[in-house]
Amino acid sequence: MTYRAPLSDILFSLRLAAGADLEDLYADIADGVAEQTLNEAAKFAEGQLLPLDRIGDRAGVKFADGAVTTAPGWRQAYAGWRAGGWNAIAASPDHGGLGLPALLNAACTEIWNAANISFALCPLLSHGAIEALEAHASAALKETYLARIVSGEWTGTMNLTEPQAGSDLALLRTRAERNADGSYRLSGQKIFITYGEHDLADNIVHLVLARLPDAPPGTKGISLFLAPKFLPDEKGAFTRRNTLHCAGVEHKLGIHASPTCTMVYEDAVGFLIGEENNGLACMFTMMNNARLSVGLQGVALAERATQAALAYAKERKQGRAPGAPETSAIIEHPDVARMLLTMASLTAAARLISFETAASLDRAHRDEDPARAKAAEERASLLTPMAKAFSTDIGNEVTSLAVQVHGGMGYIEETGVAQLMRDARICAIYEGTNGIQAIDLVGRKLPMSGGAALTREIDDMRAIARESTVAAVGAAVEAFAQASHYLLRAAKQAPAEALAGATPYLRLFALARGATLLEKAAKAARRENDHNAARYEALAHFFAKNIAVAAPSLAQTVIEGARSVTEGKAAFGG
């Protein structure tokens with residue numbers, strides 16, 4: 001099974017998201033910079049990462065005496081990653097980064113994860129650590145750690161989850177004690193720590209949530225600390241082992257070559273990031289951008305699965321399609337064509353949504369007009385939970401459809417699509433399950449600024465829908481608007497019912513936004529005489545007529561079905 005980075009689609013989607021700002025806010029990636037960067041990213045992904053993907057799935061990682069050995073070829077690939085400067089794309093130039101847009105980094109993130117998600121998870125966590133340190137760390141911590149993480153010399157992790165505290169961080173028990181020299185001692189256990197231990201870099205910088213003895217209860221009493229695997233010795237060299245270690249690695253359904261570690265801290269030395277008892281706010285700097293990256297993992301695996309299924313469907317001959325005189329390639333059968341169009345249109349819609357989210361993050365940081373920057377920040381906040389959840393949901397759906405297109409051959413590991421389905425399954429779970437994303441969308445994001453961000457989004461979708469010749473596009477937007485207005489009221493009057501409708505509402509949002517962005521893409525491709533114009537028109541038409549038509553039913557579920565959830569405990573004997 002091969003993969004070729006869909007550079008034409010990615011660049012088109014990037015330009016569409018950048019819009020009129022391409023020559024202004026995005027001047028640093030104009031004049032061919034984006035094309036050149038993505039071409040090089042594709043070469044590295046296809047030449048170095050892709051060949052290791054199957055090897056990593058079969059070999060996994062080895063754990064012995066607290067040490068993790070990564071799969072064959074991993075260390076050489078990581079050395080190539082460092083040498084290429086890929087870790088530095090979006091980081092600040094103040095610490096050795098290139099300072100390029102989040103939108104360009106999002107495009108690269110898709111390519112790397114499509115080629116080898118198990119490898120790409122390591123830099124994904126490092127990028128999150130960089131963002132948290134840039135935003136909240138002291139000058140001394142930045143000087144010591146940031147340049148080394150930006151260069152890839154060291155890697156970063158995120159330590160949240162504990163055995164008794166999954167998504168409910170209020171339950172975490174990891175303790176922090178103050179030292180006289182201003183440092184802290186950390187004690188506790190963390191689980192599911194991606195690349196918590198490995199042999200790719202000389203040092204691993206752990207970002208750890210812990211609670212001080214006099215901290216208030218709940219999430220208001222959580223602090224964030226930096227705890228490196230190695231501390232500086234008397235000469236300043238990082239050779240002194242901190243009292244933290246990996247106690248084991250998980251045996252997982254997928255992403256076998258990514259070490260998922262149980263980490264134990266035993267009076268480990270840590271350094272405060274930000275202020276005491278404000279750790280959750282600091283960590284969310286890391287988590288929100290990581291959620292977009294996880295959404296792009298869903299896009300990436302869906303793209304690769306679509307490529308594999310399409311190639312197989314063109315080659316595999318079985319049965320006679322309607323009107324065919326002889327055995328046909330299965331792509332000629334209408335039901336197989338339906339599956340392939342579903343896969344391709346869902347993937348394209350999720351990519352457009354994710355790139356719009358990345359562009360909003362850029363505008364929030366780059367636009368010098370405070371009002372526009374605030375509106376962009378609110379839009380990024382509104383879109384992020386939808387981008388993460390929808391993209392990873394369709395990652396599951398599309399990889400499953402790839403197995404279906406392959407038939408019995410898809411269920412056999414040698415064809416490769418079974419691995420994609422296994423790898424994709426985690427994406428809807430980690431960085432906040434998709435149900436939590438939906439709750440975040442309904443409970444926190446819709447009411448922002450009195451619903452102003454939501455109103456702007458609906459107005460934008462309506463403007464696109466008015467120019468569409470397909471009634472289903474406008475119907476999807478109006479169904480979304482109706483459900484939105486209901487939830488804004490229900491969140492205050494009947495919060496349980498609002499939360500019961502959160503997941504179908506998020507899907508409804510994605511269908512309305514996906515249909516309008518595909519419509520916008522098709523019109524832009526026609527206007528620019530882009531060679532992909534016919535393809536985008538076909539995908540937009542199919543999505544509207546076959547997928548977005550579910551929007552009114554989803555709105556009905558949100559508005560009328562919630563009570564059946566809140567009153568449905570009798571089904572389980574409750």
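This passage describes the internal cavities of a predicted model and the residues that line them.

Rolling a probe the size of a water molecule over the atoms shows where empty space is left. In the predicted model, two cavities of 30 Å³ or more are found, and each is described in turn below, beginning with the largest.

The largest cavity encloses about 60 Å³ of space, and its lining is made up of W81, T109, W112, N113, A120, P123, L124, H127 and S293. Helix α4, which spans residues 102-136, makes the greatest contribution to this lining, supplying seven residues. With regard to chemical character, five of the residues that line the largest cavity are nonpolar and four are polar, whereas none is charged.

The second largest cavity has a volume of about 40 Å³, and it is bordered by D9, E303, T306, A344, T347, A348, R351 and R535. Two elements, α6 (279-315) and α7 (334-366), each provide two or more residues to the lining of this second cavity, and the largest share, amounting to four residues, is contributed by α7. When the residues of this lining are sorted by class, two are nonpolar, two are polar and four are charged.

Taken by class, then, charged residues are absent from the lining of the largest cavity, while the lining of the second largest cavity includes four of them. As for the elements involved, helix α4 gives the most to the lining of the largest cavity, and α7 gives the largest share to that of the second largest.

Notes. Residues numbered from 1 in each chain as written. Predicted model: local features only at pLDDT ≥ 70, side-chain atom pairs only at ≥ 80, totals over all residues. Heavy atoms only, no water. 1 Å grid on protein atoms, 1.4 Å probe; cavity = no way out; pocket = protein on both sides within 12 Å on 5 of 7 lines; lining within 4 Å. Points joined across faces, edges and corners; volume = space filled by probe spheres on them. Nonpolar A, V, L, I, M, F, W, Y, C, P; charged D, E, K, R; others polar.
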